[in-house]
Amino acid sequence: MAVSSPTPQKLKSERSTNTEKFAPPKSGSKKLKSRSRLASKSKAHAPNPSEDEKDHSDHDLSSRGEDGGYQNHEKDDAYDSDAIDVDDFVAVAKRKRSASGSSRSLKKARTVDPQKKAKSKSKKARAKDEDKGLLELEDGQEVVGVVVQAPKTGQVPPGRVSQNTLDFLMQLKDPECNDRQWFKLHEPVYRQAENEWKAFVEAVTDQITEADPQVPPLPSKDLIHRIYRDVRFSNDKTPYKSNFSASFSRSGRKGIWAGLQPGGESIVAAGSWCPARNELMNIRINIQRRAGADRLREVISAPEFVAYFGEPCPSKDGSRQNIFGREDELKVAPKGIDKNHRDLDLLKCRSFAVVHRFLDSEVLAEDFAEKVGHVVRVMRPFVHCLNDMMTVTGSDTDDEQGDSPGDDD
């Protein structure tokens with residue numbers, strides 16, 4: 001909307017005190033060019049005279065008093081449209097930028113400061129904070145103990161046994177520790193010891209398969225026994241064994257047996273412990289035949305075999321010696337066997353097994369796996385002899401060499 005402007009000669013120096021009204025536009029007047037679109041739009045759509053008056057004063061327009069003359073405002077600079085359009089908008093923009101910058105700085109402060117605090121905390125402090133969070137118990141829950149972490153010191157290379165493993169197994173010998181609650185709290189320690197035993201079994205498997213080609217190189221998971229006891233038919237109700245064990249043989253579970261137990265009770269055993277009825281009968285049938293008995297005696301009487309397992313005869317005090325042991329022998333001759341049989345000592349045996357024990361110092365040594373492999377080499381003829389006697393009953397010609405038919409069980 002264009003507005004006419006009066007001539008400068010008719011302007012008055014005094015400002016009218018009456019209500020000012022706009023002068024009607026005159027023909028031939030020049031149009032004022034507004035420097036701001038916002039000012040021109042507000043002026044074009046002014047709803048009342050007071051807003052029109054303000055807009056006209058912003059654009060340096062003159063007003064008319066009671067006498068019909070025109071007046072100028074006393075301070076034209078205060079109502080300059082350039083000052084309003086530029087300076088005010090610049091000031092507002094600066095305020096907005098400063099406000100947004102302060103908000104960003106607050107956001108940065110909120111995000112950075114906690115991170116710096118978290119980094120400054122030690123690992124122990126963070127662990128305590130996590131533990132505090134875990135200890136928020138629900139109704140009916142209670143704290144039963146603190147989980148014991150696996151030891152960080154005393155580690156050994158794979159294929160060896162550490163003192164940490166022996167210490168854990170020693171604790172399982174204590175009835176107060178051999179329960180499910182204690183074991184659950186010490187599960188990290190058990191897992192570390194179990195992994196160490198698995199690595200040792202893998203290392204000793206190479207030694208055993210080299211010493212006895214009949215033993216297949218099976219993975220450790222097929223050789224290792226569980227630590228959980230079968231208490232269904234036992235008076236001892238402790239749920240866990242106090243040893244680690246593994247078996248090596250043609251079938252993977254019978255033959256050579258290795259057990260790790262502290263206190264000088266770590267052993268390597270071979271043979272058949274309490275064989276089944278048919279297997280025991282086959283062994284005794286072959287012993288009654290002279291060839292079978294002679295072969296077995298030759299094996300258990302070898303000098304190196306005796307050095308590891310003892311003399312090939314029952315001990316006087318009844319302890320275990322060679323394949324003999326009073327706790328695992330019959331007091332009288334088996335049914336159907338002459339009590340004067342020349343191999344009665346062999347026929348009385350209910351188990352045919354030998355055992356060699358290792359001290360804890362030997363277990364912790366670097367060459368423990370090699371020592372186990374050497375003992376297996378000594379055991380090999382004995383294991384092969386028993387395998388043949390349990391599966392082959394012999395020929396009829398052997399019976400004619402001195403054994404009567406009534407000797408067979």
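**Exercise 1. Aromatic pairs.** Find how many aromatic pairs a search of the whole structure gives, and work out how the pair of Tyr308 and Phe309 is classed.

*Solution.* The search, run over the whole of this predicted model, finds 15 aromatic pairs. To class one of them, recall that a pair of aromatic rings is described by the distance of the centres and the angle of the planes. For Tyr308 and Phe309 the centres are 6.3 Å apart and the planes make an angle of 45°. The distance lies within the 6.5 Å cut-off, and planes that are neither under 30 degrees nor over 60 degrees apart count as tilted, so the pair of Tyr308 and Phe309 is a tilted one.

The next step is to ask how far each of the two residues is covered. Tyr308 has a relative accessibility of 25% and therefore counts as partly exposed, whereas Phe309, with a relative accessible area of 6%, is buried.

Finally, ring pairs also build a cluster, whose members include Phe168, Tyr190, Phe200, Phe244, Phe358 and Phe368. Some of these names return in the exercises below.

**Exercise 2. The sheet.** Determine the order of the strands in the open sheet of four strands, and explain which strands stand at the edges.

*Solution.* Begin with the order, which is S4-S5-S6-S7, with antiparallel pairing. Strand S4 (244-248) and strand S7 (352-358) each have a single partner strand, so they stand at the edges, and one side of each is left without a neighbour in the sheet. From one strand to the next, the twist averages 15°.

Now take the pairings in turn. S4 and strand S5 (residues 255-260) run antiparallel and are joined by five bridges; Ser245 has Gly259 of S5 as its bridge partner, and Ser247 has Trp257 of S5. Further along the sheet, S6 and S7, which also run antiparallel, are joined by seven bridges, and Val268 is partnered there by His356 of S7.

**Exercise 3. Burial of the edge strands.** Decide whether the residues of S4 are buried or exposed, and set S7 beside them.

*Solution.* In S4, five of the five residues are buried, so this strand is largely enclosed by the rest of the structure. Phe244, Ala246 and Phe248 point one way from S4, while Ser245 and Ser247 point the other way, and all are buried. S7 is mostly covered as well, with five of its seven residues buried.

Part of the surroundings can be traced through helix H5 (residues 163-172), where Asn164, Thr165, Leu166, Phe168, Leu169 and Leu172 are buried. The buried residues of H5 pack against S4 and S5, and also against helix H6 (180-185), H7 and helix H12 (360-363).

**Exercise 4. Two helices that cross.** Describe how helix H7 (residues 187-211) and helix H13 (residues 368-391) meet, and say which strands H13 lies across.

*Solution.* The axes of H7 and H13 come within 8 Å and cross at roughly 35°, and the crossing is right-handed. On the H7 side the contact is made by Phe200, Val204, Gln207, Ile208, Glu210 and Ala211, and on the H13 side the residues include Phe368, Val372, Val376 and Arg380. Sorted by class, the contact has eight nonpolar, two polar and four charged residues. Phe200 and Phe368 are also members of the ring cluster.

To place H13 against the sheet, note that this helix lies across S5, strand S6 (266-272) and S7, and runs at about 15° to S6.

**Exercise 5. Two single residues.** Compare the surroundings of Val299 with those of Leu218.

*Solution.* Val299 lies in helix H9 (residues 290-300), and with 14% relative accessibility Val299 counts as buried. Leaving aside residues up to four places away in sequence, Val299 touches Phe305, Pro381 and Phe382. The C-alpha atoms of Val299 and Pro312, which are 13 residues apart along the chain, are separated by 9.6 Å.

Leu218, by contrast, sits in the loop between H7 and S4, and at 28% relative accessibility counts as partly exposed. From Leu218 to Ser249 there are 31 residues in sequence, and the C-alpha atoms of the two are 9.6 Å apart in space.

Terms used. Residues are numbered from 1 along each chain as its sequence is written. This is a predicted model: local features need pLDDT of at least 70, side-chain atom pairs count only at pLDDT 80 or more; totals for chains, interfaces and linings use all residues. Side-chain values use heavy atoms; hydrogens and water are left out. Axes are lines fitted to C-alpha atoms, for helices over the stretch in contact, and angles run from 0 to 180 degrees between N-to-C directions. Helices (H or I, at least four residues) and strands (E, at least two) are DSSP runs, numbered from the N terminus. A crossing is left-handed if the near helix is turned anticlockwise from the far one by less than a right angle, and right-handed if clockwise. Contact means heavy atoms within 4.5 Å. Ala, Val, Leu, Ile, Met, Phe, Trp, Tyr, Cys and Pro count as nonpolar, Asp, Glu, Lys and Arg as charged, and the others, Gly among them, as polar. Two strands pair if DSSP finds at least two bridges between them. Rings of Phe, Tyr and Trp (its six-membered ring) pair if their centres lie within 6.5 Å; planes under 30 degrees apart count as stacked, over 60 as edge-to-face and the rest as tilted. Buried means under 20% relative accessible area, exposed over 50%, partly exposed in between (1.4 Å probe, protein chains only).
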